[in-house]
Amino acid sequence: MTGPQLDPAAQFKQQAAVKAASLVRDGMAVGLGTGSTAVFVVAELGRRVREEGLRICAIPTSDATEAQAREEGIPITGFAEHPDLDIAIDGADEIEPGTLNLVKGRGGALLREKIVASAARQFVVVADNSKYVDHLGTLCPVPVEVVPFGWESAAARLARLGAHVAPRKNRDGSFYLTDEKNLIMDCVFGRIEDPDTLSQNIYNIVGVIEHGLFLHMATQTITAGPEGIRILH
Ligand code: 5RP
């Protein structure tokens, strides 16, 4: 892949992305993630489609990824044609190496990302090596997607679970809306000792659509850093 000079973090993202894209084979239905690492996955798959004649179809996890995939010449499909996907490749905000549990959704695409990941036989996570954490909740907030109606009530209940809750806003101060036209509550829980219980407690709040704890879903993570590529299963 040629192009502008990348900073080291971007180079690591690209290395992990290219490695993950090499897992994609002819005939596969592929889930395409969202974010700055997933951009490299889509670019590499597009290159393989054009230069190697790779035949795939894909379900993107955001409008932005769909636009990129179409530009790259990757055929887009839907769940009617492919209720099950062969593979999904996506980035992450936090990776717990012992469990492969993740926090995702800083890019706001967590709902579609979780639907796509859960439909995939393999869910491969790509990142630079800055995303490793000993415990989830230490690097970034857990995003929680809620319907706009009654969001203040959902936010108050999230706070009662121990979170500092901030509705995500755009630069102009307006509420950030997901591709599904919902709101995001960024929830700082601090170090999360029991993610499974927290996940269930968040789901129990009426008005919550989805949250960014991706537990027991990743089948492998591919990360890159100065020490090279690291693959965990
Ligand atoms: C978007 C996501 C991204 O995959 C996650 O935020 C990682 O992004 P990046 O690769 O830019 O670090 O979950 O909703």
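The following exchange asks how some descriptions of this predicted model are reached.

Residues are numbered from 1 along each chain as its sequence is written. In this predicted model local features need pLDDT of at least 70 and side-chain atom pairs count only at pLDDT 80 or more, while totals for chains, interfaces and linings use all residues.

Me: What makes the radius of gyration of the chain agree with that of a compact globule?
Reply: The radius is taken over C-alpha atoms, and the globule rule is 2.2 Å times the number of residues to the power 0.38. For 233 residues a compact globule would have a value near 17 Å, and the chain has 17 Å, so the two agree.

Me: How do you know that the span of helix α2 is close to the expected one?
Reply: A helix is a DSSP run of H or I with at least four residues, numbered from the N terminus, and its expected span is 1.5 Å times one less than its number of residues. Helix α2, residues 38-52, has 15 residues and reaches 20 Å from its first C-alpha to its last, close to the 21 Å expected.

Me: Why are residues such as F40 and L45 of α2 called buried?
Reply: A residue is buried if 20 or more other C-beta atoms, placed from the backbone, lie within 10 Å of its own (exposed if 12 or fewer, partly exposed in between). F40 and L45 are among the buried residues of α2, which also include V39, V41 and R48. Of the 233 residues of the chain, 48% count as buried.

Me: What follows α2?
Reply: α2 is followed by G53, whose phi is positive, near 70°.

Technical notes:
Helices (H or I, at least four residues) and strands (E, at least two) are DSSP runs, numbered from the N terminus.
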